[in-house]
Amino acid sequence: MTDAHDPILSRLQEDRRFAPPEAFRKAARVGSREEYERLYRESLESPETFWARETAELSFRTRWSKTLDWKAPHARWFEGATLNVSESCLDRHLEGDARTKAALIWEAEPEDPQRGAPTRTMTYFELHREVVRFAGALATLGVKAGDRVIIYMGMVPEVAVAMLACARLGAVHSVVFGGFAAEALRDRANDCGAKVIVTQDGAYRRGQVVKMKATVDAAVAHCPTVERVVVYRRLGEAILPIELDPKRDISWERAIAERDPALGREATAVGAEHPLFILYTSGSTGKPKGVLHTSAGYLAGAHVSTKYVFDLRPGDVFWCTADVGWVTGHSYVVYGPLSNGATVLLYEGAPNAPDAGRLWRVAERHGVTVFYTAPTAIRAFMRWGEDWPKKSDLSALRLLGSVGEPINPEAWVWYHTHVGGGRCPVVDTWWQTETGSIMLTTLPGAVESKPGATGLPFFGVEPAIVKTGGAECGPNEGGFLVVKRPWPSMLRTVWGDDERFRRQYFGEIEGVYFTGDGARRDEDGYFWVVGRIDDVLNVAGHRVGTAEIESAVVAHPAVAEAAAVGRPDDLKGQALVVFVTLKLGYAADEAMREAVKEQVARDIGKFARPDDVRFTDALPKTRSGKIMRRLLKEVAAGKAPTGDTSTLEDLTVLAKLRDEE
Ligand code: WT7
């Protein structure tokens, strides 16, 4: 952790302030900093009152008898409650006006210049109907409460249907991002012991057809627990013929047609702490962690944060651009907005397909009011230029959000000006896969924003900045971001590895949740998050573990040793650089460089493809044999090697100099 200090100390000088616009403030759920402070204090001092009131509209079969049972590091929230999460997201909306309201508006990637793109709208009634049918299909295939189901799909309405259908049965879903490769998918399915995989034939991505079922076939050959594969035909036989193994595979339509109609209609009531989903995320070892979220607490966190942070109003069209394969898609595409009865926009494709104006045309076509995306996307919009958002009518937008990495003030101001027309508040939201829902932000009608700062704690969250050992830092002093008390949507454990959960999150400082991020708190109480202090990178808003990359690289037969580090990148936040030593007899040439990049793309996924591969005759190490990552980071951040890049770099010379310091 000694590596931590440099980045934390770097201070961003940013004095611009953006107060909530008066009209926004007047209509907001929380309309002043005082009101925010009052609710915040209540959430910490009387959590019983706060959470009972704020979750009153959700559907519980039985209410809880105890708000929190905390035996560090294990929290049990809303003990005694029984519920089914899908009833809060669906059934409860069938009684009132929301029955015929759009739950999902979907737009396909292929777009016709004249006619726009194919769209589908599902009302709450229709979404409920589809979820009931698909839950029945899964139950007929043998899925029971507690069973694990992998969902490996793209952005189609059926991905939400599949998630909610699992929830309806009390089965545990694990959505694997569609960009992951077969090996990554296989490891996740095996780690959670999945019984069923739900997938689709293929998907469109930037006009290309991505074969998803073929990836599942490659993975499932090595997944002994997987009994059945359900395939949704997004593209159809004419575009992408697929093979169905008659014993193992079944199409989505057939699974529904052949289901036992008695199953699925009645949702399975589960206990508050029943697992809802596992989501794999990278850590500082090569093995991804299965972050476990449970039912009542997760739902409460996703529900209440969506309502307040996005200040939901009845006519909203809510668009979070994250893929459902990441936690942002779980909490702010599915569970948060649907439990609030909001209309969710789902867009299938890439932001620049077929051109850089696509997102703005989607926003205009569907009257998007709240737009939530990542800084890496905002920096891409900046690069593409302000003329693109100008071509579309974005006047329906009233609120913008950012998540995934620190947003640089330039990107913040550009977003505010060119997307928000200068009238929409921008909320920067800090949270993690592990936290389940937003932890730090500025409530848009209540608290002024400072570009680059994420903001103040959300309700129920008690963060602090501490030094090694746990002593609290003073204002503006850099340290580790921790959370001092449990909150409802916190992870409960790492699937199958409670020891890792304890060590990773509660092992650094006794009884306190360790986020792995460096940050400071300014004199007004605003948090400025700098980024990870462990060996985890944030590449284009996606968490990438350096150890995971290294183990993929050394799997290449020519590679002897590898070290992956981050390098600052204007667009992606961090770019991935891998230093490689080759075994004797292999040439460090362009073909080898490509082969190493390909190896990572094939094992982990294209999104993790290294930006740079640098060959060295030996990795710089300390006398005790530890790779000097800090030195490698400096080398990576410096100028690229000049001249003939196929020659080996001699980094041991640098290492010797450093070792003698
Ligand atoms: C890590 C969590 C949860 C959303 C998607 C990422 C970084 C996230 C911010 C922000 C600065 C941020 C942190 C965090 N991060 N949001 N607003 N400002 N940094 O989820 O993959 O679990 O990554 O993303 O470093 O620890 P994730």
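**Exercises on Met 122 and the whole chain**

Met 122 counts as buried, at 7% relative accessibility. The model used in these exercises is predicted.

**Exercise 1.** State whether Met 122 is buried or exposed, and place Met 122 in its secondary structure element.

Solution. The relative accessibility of Met 122 is 7%. Buried means under 20%, so Met 122 counts as buried. The element that holds Met 122 is strand E5, residues 119-123.

**Exercise 2.** List what Met 122 contacts, leaving aside its neighbours within four places in sequence.

Solution. Take heavy atoms within 4.5 Å as a contact. The residues found are Lys 101, Ala 102, Ala 103 and Leu 104, together with Leu 127, Glu 130, Pro 157, Glu 158 and Val 161.

**Exercise 3.** Find the C-alpha separation of Met 122 and Ala 267.

Solution. Along the chain these two residues are 145 residues apart. In space, their C-alpha atoms are separated by 20 Å.

**Exercise 4.** Decide how the protein chain compares in compactness with a globular protein of its length.

Solution. Begin with the secondary structure: the protein chain has 21 helices and 32 strands. For 661 residues the globule rule gives 26 Å, and the radius of gyration is 24 Å, close to that value, so the chain is as compact as a globular protein of that length. The C-alpha atoms fill a box of roughly 70 × 65 × 55 Å along the principal axes. Of the 661 residues, 61% count as buried.

**Exercise 5.** Describe the charged side chains of the protein chain.

Solution. Count 83 positive and 90 negative side chains. The centres of the two sets lie 2 Å apart.

Notes. Residues are numbered from 1 along each chain as its sequence is written. This is a predicted model: local features need pLDDT of at least 70, side-chain atom pairs count only at pLDDT 80 or more; totals for chains, interfaces and linings use all residues. Side-chain values use heavy atoms; hydrogens and water are left out. Helices (H or I, at least four residues) and strands (E, at least two) are DSSP runs, numbered from the N terminus. The radius of gyration is taken over C-alpha atoms; the globule rule is 2.2 Å times the number of residues to the power 0.38. Buried means under 20% relative accessible area, exposed over 50%, partly exposed in between (1.4 Å probe, protein chains only). Lys and Arg count as positive and Asp and Glu as negative; His and the chain ends are not counted. The place of a charge is taken as NZ of Lys, CZ of Arg, CG of Asp or CD of Glu.
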